[in-house]
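These are my notes from a session with one protein chain, kept in the order in which I looked things up.

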Amino acid sequence: MESFLNRYRNITVLLLLIFAQLILLAVQIRNDQDVRMIRVWTVTAVTPAARIAEWMRGGSIGFLHDYVLLRDTHDENQRLRAEIARLKLENNFLKNELNTAERGQALAVFQGRTPSKTMAANVIGSGAGSNSKVVFVDRGSVAGVQRGMAVVTPDGIIGTVIESYPTASEVLLITDPDFGAGVVSQKTQVRGTLKGQGT
């Protein structure tokens with residue numbers, strides 16, 4: 001063994017140096033997601049073993065749990081979870097129906113008190129991108145919507161129509177930095193400009 005190491009000592013040292021250099025480079029270099037390569041290599045190497053260990057642990061615990069200790073309790077839990085999921089869906093549906101009815105009632109009162117001509121519209125989508133400050137409503141030029149019209153709710157201004165299509169309109173929300181509208185303070189009647197800040 002000693003003669004083998006002596007014989008290949010130079011190449012062994014060279015290989016060790018190359019390996020050490022690769023490790024040092026992996027510690028310094030980051031990929032396009034800003035993760036160090038050494039971390040990528042480590043996780044990639046460990047993942048298969050972790051999966052096998054988790055599968056074995058989960059399988060043995062699941063077998064013991066289901067068939068030896070808590071067979072009846074497990075069935076009851078499954079039934080109760082399904083019932084809870086059904087009740088949650090039903091609860092959400094009823095809440096949505098109640099909210100729709102309340103919004104409709106508030107809108108009817110608002111339209112009755114507003115001297116300007118108004119029409120009801122529902123939001124049907126939002127603009128592309130996570131920071132988009134644009135929504136689409138289900139009323140367009142066929143219903144009489146024109147570019148520049150205000151979009152309001154009983155609580156106040158929402159935005160302005162920036163494009164009107166035959167069956168839908170694009171609305172720029174007041175939170176957009178490009179939004180601006182002339183406003184009057186309710187308390188002091190001071191005139192000003194409302195500008196969006198992006199939040």
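I began with S169, which I find in strand β5, a strand that spans residues 169-173. The model is a predicted one, and I read every value below with that in mind. Is S169 buried or exposed? Its relative accessibility comes to 0%, and because buried means under 20%, I enter S169 as buried.

I then asked which backbone atom the side chain of S169 reaches. It is the backbone oxygen of R139, at 2.6 Å. R139 also appears when I list the contacts of S169 beyond four places in sequence, together with V135, F136, V137, G140, V145, V161, E163 and S164.

Several of those names sent me to the nonpolar core. The largest one has 7 residues, and I note them as V135, V137, V145, V151, V161, V171 and L173. Strand β5 supplies at least two residues of this core, and so much can also be said of β2, which covers 134-137. As a general remark for the margin, nonpolar side chains in soluble globular proteins tend to be buried together.

From the core I picked V145 and looked up what it touches, again not counting residues up to four places away in sequence. The list holds M119, R139, G140, V161, S164 and S169, and I note that R139, G140, V161 and S164 are also among the contacts of S169.

Next I turned to the pockets, and looked at the second largest, for which I have a volume of about 310 Å³. It is lined by 13 residues, of which V152, G156, I157, V184 and Q186 are the closest to its centre. Which strands supply at least two residues each to this lining? I find β3 (150-153), β4 (156-164) and β6 (180-184), and of the elements that contribute, β6 gives the most, with 4 residues. Sorted by class, the lining consists of 7 nonpolar, 5 polar and 1 charged residues.

Staying with β6, I looked up V183, which lies in that strand. V183 has a relative accessibility of 31% and therefore counts as partly exposed. Its contacts, leaving aside neighbours within four places in sequence, are V190, R191, G192, T193 and L194. I also checked V183 against I157, which is 26 residues away along the chain, and the two C-alpha atoms are separated by 9.8 Å.

The loop that follows took me to Q189, which is found between β6 and β7, the latter covering 191-195. Phi of Q189 is near 60°, and I flag this as a positive value in a residue other than glycine. Is Q189 buried or exposed? At 53% relative accessibility Q189 counts as exposed, because the cut-off for that class is over 50%.

Last, I stepped back to the chain as a whole. How many helices and strands does its secondary structure come to? I enter 4 helices and 7 strands, and read along the sequence they follow the pattern α-α-α-α-β-β-β-β-β-β-β. Buried residues make up 12% of the 199 residues in the chain. Of the contacts with a separation of 6 or more, 28% are accounted for by residues 24 or more positions apart.

Definitions and conventions: Residues are numbered from 1 along each chain as its sequence is written. This is a predicted model: local features need pLDDT of at least 70, side-chain atom pairs count only at pLDDT 80 or more; totals for chains, interfaces and linings use all residues. Side-chain values use heavy atoms; hydrogens and water are left out. Buried means under 20% relative accessible area, exposed over 50%, partly exposed in between (1.4 Å probe, protein chains only). A polar contact is a pair of N or O atoms within 3.5 Å; within protein, one must be able to donate a hydrogen and the other to accept it, and residues adjacent in sequence count only if both atoms are side-chain atoms. Contact means heavy atoms within 4.5 Å. A nonpolar core is a set of buried Ala, Val, Leu, Ile, Met, Phe, Trp, Tyr and Cys residues joined through side-chain atoms within 4.5 Å. On a 1 Å grid over the protein atoms alone, a cavity is a set of points where a 1.4 Å probe fits but cannot get out, and a pocket is an open set with protein on both sides within 12 Å along at least five of seven lines; lining residues have an atom within 4 Å of a point. Grid points are joined across faces, edges and corners, and a volume is the space filled by probe spheres set on the points. Ala, Val, Leu, Ile, Met, Phe, Trp, Tyr, Cys and Pro count as nonpolar, Asp, Glu, Lys and Arg as charged, and the others, Gly among them, as polar.
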